[in-house]
Each structure stands twice: as C-alpha cells, then as structure tokens.
Amino acid sequence: MKAVSEVIATDGEARLSEVTLAGGKFQTPCFMPVGTRGAVKHLSSSDMKDLNAEIILGNTYHLMLRPGSDLIRESGGLAKFASWDGLTLTDSGGYQIFSLQPKVDDLGATFRSIYDGSSHHLTPELASTTQADLGADIQMVLDVCSALPAEKNILKEAVDRTALWASRGREAFLLHPEAQERQSQFGIVQGGTDISLRIESTQRTLQVGFDGYAIGGLSVGEGRSEMLDPVSAVTELLPKDQPRYFMGLGDPAGLVEVVGRGVDMFDCVLPTRLARHGTVLTSEGRINLRNAKFIADERPLDPAFENSPASNWSRSYLRHLLVTEEPTAPRILTLHNLAWMFEFVTQLRKSIIEGEFQRFRKETLEIWG
RNA sequence: GUGAUCGUAGCUCAGUUCGGUUAGAGCACCUGGUUGUGGUCCAGGAUGUCGGGGGUUCAAAUCCCCUCGGUCACC
C-alpha cells in the first residue's frame with residue numbers, strides 16, 4: 001500500500017512528518033538501524049525496543065541464503081521470527097550488486113553464495129517475491145548501484161537497468177495481492193552524481209509509480225559536496241505526500257544536509273560498525289576508544305549524553321573490554337552509538353518544529369563537517 | 001659435571017651454510033579510515049646493546065676465542 005507522509009512541520013525544505021504504513025506509523029526524519037541477517041549485530045529485539053527503535057532493516061540476499069525466505073514466511077515473517085513488534089524494511093540485495101560485484105545482465109544478477117559457494121540468480125521479480133515472503137512492512141525494488149566515481153556511460157547503463165528492473169519488480173509486486181495489503185514497495189533512484197541522470201532516473205521511477213521513493217547510489221565514495229546537488233535534484237521532483245529515503249547514509253553532517261534537502265528516512269551501518277571497532281559517537285565528535293589517551297579516563301563515553309545506556313561505565317573500563325576483545329564491549333558501544341543516533345534525530349526533529357533547523361544544522365556541521 | 005642445542009623488536013621467528021645496501025616478517029603496540037554490513041578490512045607509524053666481551057677483516061647478526069643465560073639428554 002502507498003506509504004503516506006503527513007507533513008506536520010517544515011523549516012525550509014526540512015520536514016517533520018508522520019508516515020503511515022499498513023503495519024503502523026512512524027515519525028520522520030527517521031534513522032533505521034541495519035540488522036542484515038535478522039538482528040542488529042550484538043543486540044536483540046528487546047534491546048531495540050529499549051532503544052525506542054522504530055524500523056529495523058533486514059537484507060534479502062543474506063536472508064534468502066540463510067535461513068531461506070520460505071522458513072521466514074512460515075515463521076510469520078521477519079518481525080515475528082525475531083520477536084520484534086516494531087516495523088521492518090528489507091533491502092532488495094541491490095547493495096550486494098555493488099559490494100559483492102556479481103555478474104549482472106538485463107535479466108538479473110548471478111551471485112555466488114558467501115556461505116557455500118552455490119550460485120543464485122536474483123532477478124527483480126525474485127527480489128520482490130522473496131521480500132513478500134520475508135514480509136517486512138517495506139520492501140525495496142532491486143536496483144543497480146554503481147561505485148563512484150564512474151563514467152557517465154556506466155551510470156547511464158545503471159539508470160537504464162534500474163528502470164527496467166523497476167517496472168518488472170513493481171509488476172511482480174502488483175501480482176501479489178497479500179503482499180500489497182501488508183507491504184509498501186519503494187522505488188530507487190540512481191544516476192550517481194550526474195544531475196541530468198538523476199532527473200531522468202527520478203522521472204522514470206515516478207513513471208512506474210511506487211509506494212515511496214529512495215535515493216540510492218550515493219555515499220559510495222564521492223565527497224559530501226558532490227552528493228548534495230543530486231539529492232536536491234531528486235527531492236524537488238518527488239511527491240510531498242510520500243516518504244523519501246536516502247539509502248546508506250548515517251553520519252551526522254550528511255544527515256542534516258540531506259534533511260535540509262527534504263529527505264525523511266535513513267539507514268546506515270556506520271554507527272554499529274564504528275561501535276564494533278571502537279569508535280564512539282559523542283556530542284563533541286567521534287572518539288576512538290582504542291586510543292591510549294583513554295586508558296585511565298574515568299569519564300563516561302559522552303558526558304553530555306546522560307541517558308546513554310553506557311553512562312554507567314568509564315571510558316577506561318570500556319576501552320579495557322574493547323582491547324581485550326570481551327564480547328560485552330561491542331555490545332555496549334553499539335547500544336551507545338545507536339542511542340546517540342536516536343537522540344540526535346530526536347533533537348533534529350525538535351529543531352524543525354521549533355524553526356531552529358538552520359541553527360541545528362550549523363552546529364552539527366561545526367562538529368561533524 | 002659431560003655433551004648437544006638455542007639466544008635477533010614486547011611475543012613467535014626469518015636471516016648465519018658461503019661475511020657485503022639503512023637487519024626483516026607476522027602478531028602485539030601507536031595513528032587514521034570504514035556509510036542500502038561477507039563478524040571485518042584497508043592505509044600509515046614507532047620499535048633493536050642481533051645475550052655480553054674480545055679478536056680477524058675494508059666490512060661481522062654471520063667467522064674465531066672467552067663468557068653469561070635458557071632447554072634437552074646422559075652422569
């Protein structure tokens with residue numbers, strides 16, 4: 001079903017809205033943690049509840065290989081399988097076309113399983129039916145995400161193939177009435193940093209018509225300045241009553257910049273991956289907890305963030321757990337970084353309501369820019 | 001006590017046969033990086049009484065002598 005955005009407040013292009021899906025509502029701007037294989041690494045669904053997470057991602061490529069989409073369907077869908085009573089979104093496997101570099105032709109992509117080496121052919125149709133089985137609230141269409149920088153002909157080919165796959169993926173979804181009732185399907189705009197290709201890709205995606213729209217293929221190697229104009233070019237063309245989702249963005253500076261250009265939703269592995277390797281988000285910027293200067297630092301990770309789930313422990317102690325590779329360390333740091341991101345987004349929403357978004361943006365860029 | 005063997009970076013070791021650039025590697029350590037996650041990976045950095053002393057030589061971790069320490073075997 002169409003995902004409807006009810007805009008509650010705006011400040012410039014930045015918007016605070018309430019999105020309604022079949023399975024529930026959520027406010028935007030919204031940060032969505034990534035739980036590729038059915039869990040955010042080191043955390044459980046009850047942790048996610050404690051963090052007040054609203055939407056968690058899963059990944060089609062990984063889940064279709066293990067445990068298989070049939071099993072998840074029979075278990076009542078991804079959320080039920082994981083005992084998660086919030087919302088879910090599945091990525092189509094399009095990102096793995098970028099990261100795993102399978103053979104791609106007009107039909108689809110041929111992957112070799114990372115688990116047993118077996119060959120799997122992922123088509124836009126299969127991506128849609130598999131995601132229907134996974135049963136998330138939002139499914140993403142299969143797209144082609146190219147690495148940047150890229151020649152224009154490469155980007156053009158990706159835009160063409162993405163458009164071809166969009167119509168086939170949408171058609172497959174529309175043939176599946178139960179999925180349509182429970183799920184929303186989002187289209188994805190490609191085009192790299194090329195403005196004319198971004199406009200073309202947006203128009204072609206809109207022509208197919210989806211329940212919501214995503215911007216893909218950015219934050220994959222280009223600088224932040226190169227990524228912003230293409231974002232504006234896309235959001236200007238998108239309908240205001242449907243959510244806009246920037247895929248794969250999660251640094252605070254990038255986030256305020258694209259919110260300032262009308263984006264609503266984000267997912268990113270950055271806060272969780274950084275946490276696993278000892279980089280901590282704080283109100284004064286990121287710190288690398290492995291640094292020797294924290295050996296005897298008695299302060300909490302972010303003294304200004306009193307509600308952090310890690311506020312009981314000193315930097316010294318957590319660094320010790322980290323360098324001795326205690327499993328508790330990545331868990332606590334992941335909890336902290338996600339809580340920090342959610343708090344950041346809460347403050348971001350507040351700034352939009354209060355008409356203080358530009359001040360918030362400027363302060364964020366001073367620290368994270 | 002006798003014999004063998006080993007001693008090179010914090011750790012494990014390569015290099016010693018046949019002397020020859022500024023003595024290396026992996027791990028650990030110290031910095032960065034990581035953006036729709038292949039439980040990582042990448043990039044950079046610091047580190048030496050070559051057990052000690054003496055000798056030979058233009059030149060010694062490398063050859064010779066003495067010595068200290070470890071390990072093993074046999075007394």
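# A tour from helix α13 outward

Begin by selecting helix α13 together with helix α14, since the cover over the buried residues of α13 includes α14. What you have open is a predicted model, in which chain A averages a pLDDT of 96, with 100% of the residues scoring at least 70. The model as a whole scores ipTM 0.92 and pTM 0.95.

Within α13, which spans residues 315-323, pick out Arg315, Leu318, Arg319 and Leu322, the residues that are buried. Looking along the axis, you will find that they cover an arc of only 105°, which puts them on the same side of α13. An α-helix has 3.6 residues a turn, so residues three or four places apart point the same way.

Next, move past the end of this helix to Glu325, which follows α13 and is found in the loop between α13 and α14. Its phi is near 60°, a positive value in a residue other than glycine. Is Glu325 buried or exposed? Glu325 counts as exposed because there are 8 other C-beta atoms within 10 Å, and 12 or fewer is the limit for that class.

Now select helix α14, residues 328-353, which contributes 11 residues to the largest nonpolar core, the largest share from any element. That core has 97 residues, and those with the most contacts inside it are Met32, Phe186 and Ala214. Centre the view on Ala214 and show what surrounds it: apart from its neighbours within four places in sequence, Ala214 is in contact with Met140, Phe186, Gly187, Ile188, Val189, Tyr245 and Met247. In soluble globular proteins, nonpolar side chains tend to be buried together.

From the core, turn to helix α6, residues 124-134, which is mostly covered, with nine of its 11 residues buried. Among the buried residues are Pro124, Leu126 and Ala127 towards one end of the list, and Ala132, Asp133 and Leu134 towards the other. Helix α6 is followed by Gly135, whose phi is positive, near 75°.

The next selection is RNA strand B, and the question to keep in mind is which residues are closest to it. Of the 44 residues that surround the strand, the closest are Asp91, Cys145, Gly248, Val269 and Thr272. Colouring the surface near RNA strand B by residue class would show 18 nonpolar, 18 polar and eight charged residues. Several elements each supply at least two residues of this surface, namely β5 (55-59), α5 (94-99), β14 (265-268) and α12 (270-276). Helix α5 gives the most, with five residues.

Three further stops concern the backbone. Select Thr28 and Pro29, where the peptide bond joining them is cis, with omega near -5°; Pro29 lies in the loop between β3 (24-28) and β4 (30-33). Then go to Leu148 and Pro149, where the peptide bond is likewise cis, with omega near 0°, and where Pro149 lies in the loop between β10 (138-140) and α7 (152-174).

End at Asn52, in the loop between α1 (45-50) and β5, where phi is near 60°, a positive value in a residue other than glycine. Why does Asn52 count as exposed? The reason is that Asn52 has 12 C-beta neighbours inside 10 Å, and a residue with 12 or fewer is classed as exposed.

Conventions
Residues are numbered from 1 along each chain as its sequence is written. Chains are lettered from A and ligands numbered from 1 in the order in which they are written. This is a predicted model: local features need pLDDT of at least 70, side-chain atom pairs count only at pLDDT 80 or more; totals for chains, interfaces and linings use all residues. A nonpolar core is a set of buried Ala, Val, Leu, Ile, Met, Phe, Trp, Tyr and Cys residues joined through C-beta atoms within 7 Å. A residue is buried if 20 or more other C-beta atoms lie within 10 Å of its own, exposed if 12 or fewer, and partly exposed in between; C-beta atoms are placed from the backbone. Helices (H or I, at least four residues) and strands (E, at least two) are DSSP runs, numbered from the N terminus. Two residues are in contact if their C-beta atoms, placed from the backbone, lie within 7 Å. A residue is near a molecule or strand if its C-beta atom, placed from the backbone, lies within 6 Å of it. Ala, Val, Leu, Ile, Met, Phe, Trp, Tyr, Cys and Pro count as nonpolar, Asp, Glu, Lys and Arg as charged, and the others, Gly among them, as polar. pLDDT is the predictor's confidence in each residue, from 0 to 100. The arc is that of the directions from the helix axis to the C-beta atoms.
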